[in-house]
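Trainee: I'd love a close look at one contact surface in this model, with the terms spelled out as we go. Could you walk me through it?

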Amino acid sequence: MARRLPPVDVVLVGFGWTASIIAQELTDAGVQVLALERGAWRDTVPDFATDHIQDELRYAVRKQIFESPERETMTFRNNTSQTALPMRHLGSFLPAAGVGGAGVHWNGQCWRFLPQDFVIRTHTEQRYGKGFIPADMNLQDWGVTYEELEPHYDRFEYLCGVSGQAGNVGGQLVAGGNPFEGARARGYPLPPLERCASTVLFDKAAREVGFKPFPCPAANASRPYRNPLGVQMGQCTYCGYCEWFGCGNYSKASPQTTILPVLLKKDNFRFKTHCAVTRVNTDNTGKRATGVTYVDVDGNEWEQPAQMVVLCAFAHHNVHLLLVSKIGQPYDPVSNTGVVGRNYAYQITSSVDVFQKERLNPFMGAGALGQAVDEFNGDNFDHGPQGFVGGGYIALWNTGGRPILQHYLPEKAPKWGAGWKKAMHENYLTACSIATHGSVMSYRSSYLDLDPTWRDAYGNPLLRLTFDFQPNELKMSGFLTDKAAQIGRAIPGATVHEKKRGGPYSIVPYQTTHNTGGAVMGNDPKTSVVNRYLQSWDVPNLWVMGSSVFPQNAGYNPTGTVGALTYWSAAAMKRYLKNPGPLVTT
Amino acid sequence: MSAARLFGFGCLLALLAVCAACSHDRDEAAPSTVKLGERMSPGPWGQISRGRYLVRAGDCAACHTAEGGAPFAGDRAIPTPFGTIYSSNITPDPDTGIGRWTDEDFYRAMHEGIDREGDHLYPAFPYPWYTRLSRDDVLAIKAYLDTLTPVRQAHRPDELPWPLDQRGVMAVWNGMYFDAGTFQPDPKRSPQWNRGAYLVKGLGHCGACHSDKNFAGATDKDDPLTGGFAENAFAPSLAGGTRDGLGSWPEQDIVQYLGTGRNGRTSAAGPMAEVVEDSTQYLSKPDLQAIAVYLKSLPARKDSAVASVDKDTLDRGAALYVDNCEGCHLKQGQGEPGAFPPLRQSSAVQAKSADTLINVILNGSRIPRTAAEPTGLAMQGFADHLDDAQIADLTTYIRNAWGNRGEAVDAGHVEDLRKSLRQSPGG
Amino acid sequence: MNHDPARRDFLRLVGVAVPASMLLCACGGHDTGSAARGVRSTAYFESGEMDFIRAATARLIPEDALGPGADKAGVPAFIDLQLAGPYGRAERWYMQGPWPSGTDSQGYQLRYTPAQIYRQAIAGIDKHCRAKYQQSFAGLKTDQQDEVLHALEGGKVDLGDLPSKTFFNLLWQNTQEGFLADPAYGGNRDFAGWKLIGFPGPRYNYVREIGEYGKPYGQPYVSLIGRVPGEALTHAGGAA
């Protein structure tokens, strides 16, 4: 039986990016906030210190910086005809555990979504007609517009010290930036990162083909930076250990490097680590959350009463908590009714490896050091002749040249033996890879529910993921890959290896940790879990943060949009605190 | 109970030397603030807030708060060359704190280094500096301390060898090294200079660390601030030398350093980081400026000759610097403005003793977290990464690269420091 | 005792348990001496298993004109240490039954830990080799060894309920790790792997160099435990 603790005003489940922002905003508004984190406390020194963080084996290969599936994992199948089986070790995506969440180990690729992305159904129907959308595609508008989110994107970018080149300030196009981006109120807080040899090659080639390349927005500080909270960041040193590592140099934006120094000093904020939340509790009406139940590191169960509960965990875990807490109607794929677990989506990536002669020194890199073209993202091009919905960017990222996982070998190189050795010797310093990063729409057949067989260490059923790439996505990704190859071939002396993504989706090779949906936002409670302010339709004192609210996935890395939505929701929470109740009535 | 009566009552108590059984002037069950009005002279709030400011200026919390302990409840281990002393409880708890102390008791402790029972205090309690405080300031401090929540925390016996464990010995010490006496302004100097001198030589007790100590742990009565050892670190010279003192620092740099923990030249490390965090960041701009004016008036010590270092040592040190330090402090030791402190032309790096530098390399350091600079950028320690000889080479290199000059360090000294750091109560 | 940059400290930090008695061999390849003194020279493998690992990894990454192969680079010792630690025990994996088999896209579904996979596979391979060539794998000629490795890779060797392809992929993955991971882990000895490809090690600041397109990077190779890990390891062994 859980022991009951004294109540708090607000309890946050998880202590990563979204929890840190919510905590900072709500403590400013004067309420008591408690964050419960299942992982450990972590800080730049000692945890990410440069005397040991540049260890590819420990962090990237053995995955010590991520959640450990040993205690809680999920089961997976491509479709309902299969039996879902446990993901026994991490592969396709890498959720975090520990303070800072995935904000510790991300690359810092900090994008805004396109204005059309937020109104994709309306926009697609208007431009291409209703019949253009496949029948099984659950395409939805978000309920919030780019214009509404713009100030919140701005806040997140200035919090993080994003380095980049604006392409559209107040409707005026700016040379060198992304000409397709939505209008922004002002430029980025910092100039773009330095270019490295391979991004220069990409830039030239892309221009030659006729595209408009631009430096990718990077939450890696190109200069020393002081954010609006007064927290300082050091200048990125291009050490090449961003993604899957913590930054030892205070250069990559994370909760630790942007918010926590200020937040942790506040008397009305507390956090606890090694506390795994296992339930959101509701009263007997089911319409009001009374707090959460969590299990501490010794296995003791505690009940933490709260006036308001905010789910700030990774997308899967937010949905899992809603399902095991029996909040909201679970999704039924047969009737396409119910909402919790509905519209799980992902992203589809592919690459084009480029082999040429110039020395590139790939180990000089940064997580968000890249040059991209956006001609084929969102609806920046005419989809009519292509017959698919969605798109993505094409970029050459040089995140680093870590030897075990970041080397590219020609298609015909032997897999092992003397030939492999020779290929490694000849290509490591000169090969590079162009990435495509494409959207995935939501479908009736892609969803999350509870597994009937396997359980986690707390006795809860595991989350079950049913997902596959659909023909629309495979077609779109193939199209993007061809465009990427076109750029690759324009690099002087290059031979290219097009690595198109084929089906079925596999949970084994790493692709991206951009899992979305399952608790989506929207204007209709029949097709969304939370309203446009991320407030639960069913339980108005429960809120859901993060990419679990994306109705489908766009063609960009999600963190910038997650940050903007969090600030947007925090502003709504402040209104709610003054006058608790549903912010949208149905 | 009036203040006068309270005073008389206190005297009586002192005379009788009765403690526990006696009635006293406060109701233990009531919150400490209830009786404030009775204990304070006119205008208590003004006096209390001034006292609070002075308590911060004196950094009383640093010694009188144990790690993780209640503020001002004492019990912090103070390592001295003679043994470990435990700080006392200065909350108004009647039995274990200063709840029964009269203003006069308190003034005598601050001014003469004698406690309420008439015993001599050890000069780990910096009464040789506090003696210079005005009576008004001392009573303001008392007024503030009286507002604290009483905490029951008995004084832990000090760990001192005979005969130092006999407090009477301190009478002899006082006779040799201590003159009680309130600060006397120098009429030839500006009021600002005098305010600075009062803060530095009095409440700030800067000389407790920054002045050299003799075998008996006493500093020169002139308080020359030419550098001294403190808690396994070396507090660099605050006198006028351009290499290892403040000679090249404009006043503004001193103000910025004390107010924020860092400036373009360096950042506070070791014990000074705590001093900035707990004390100097709270000082008013005029007081910081006064301190700067006073410090800038101190004469430079004669720059002692530094033996040149052999090339092999410098080469080994340079390689270690490239592998371990250059990423942040950069090729020319210039640091990264706004983030990581420079090592080039740093007075702390070139100080008479390298102990602070060695300490930072061994254990790492964190720039103080202040209201102005909340980040607390930190450096990891290299104690597990580098051996004694490597740290010696590296330290010697940093002290002699890019135009720096400082005495070389040998591995044996690093080994000693490593040992004493391991044994030190805080380490 | 002087305070050496102990590799043992490093390995403890990363959760690898190293018997003190075998530090010397893990780092320097001087196992003959310790074996002669009756000291166990591996952390996980039995001696016959180690013979297989040395022979097999030497074929996967052979020594040639481009430099040392896996054996000289310390890959066998690396794998041995990894299997003795949390990785070998699959400590971070979800290991709850039931254990049905699934599709390739569902990933690994066997109940074996990496350490168990090696034990079962090596026994099976040696059995296969004795039946086919009347020799253990280590005793075969190199072209025969390659033949066996190709058969494993193609899933054509019977290893009971363990697909030989699964073992081959694991062995090849671990061999690459041992060749290319930081020398602090016992492989990549004398930076053999990094010298082959031109990776300088965990250098930390390229602000000046990143814009010098096409220019070789000038600093010497470095590991998380310094420039000459071989020496550091010897010290660590001596200190033990």
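How many residues of chain C are in contact with chain A, and how many of chain A take part?

Mentor: Happy to. This is a predicted model, in which local features need pLDDT of at least 70 and side-chain atom pairs count only at pLDDT 80 or more, while totals for chains, interfaces and linings use all residues. Residues are numbered from 1 along each chain as its sequence is written, with chains lettered from A in the order in which they are written.

In your interface, 51 residues of chain C meet 56 residues of chain A, contact being C-beta atoms, placed from the backbone, within 7 Å. On the chain C side, helix H4 (47-60), helix H8 (164-180) and helix H9 (192-197) each supply at least two residues; helices are DSSP runs of H or I with at least four residues, strands E runs of at least two. That side of chain C has 30 nonpolar, 13 polar and 8 charged residues (nonpolar: Ala, Val, Leu, Ile, Met, Phe, Trp, Tyr, Cys, Pro; charged: Asp, Glu, Lys, Arg; polar: the others, Gly among them).

For a companion view inside one chain, turn to chain B, whose assignment gives domain 1 (3-177), domain 2 (191-296) and domain 3 (311-423); such bounds come from an automatic or database assignment. Domain 1 and domain 2 of chain B each bring 19 residues to their contact. On the domain 1 side, the elements giving two or more residues are helices H3 (44-57), H4 (60-64), H6 (127-130) and H8 (169-177) and strand S1 (77-80) of chain B. H3(B) gives the largest share, 3 residues. By class, this side of domain 1 of chain B divides into 14 nonpolar, 2 polar and 3 charged residues.

Conventions
Contact = placed C-beta atoms within 7 Å.
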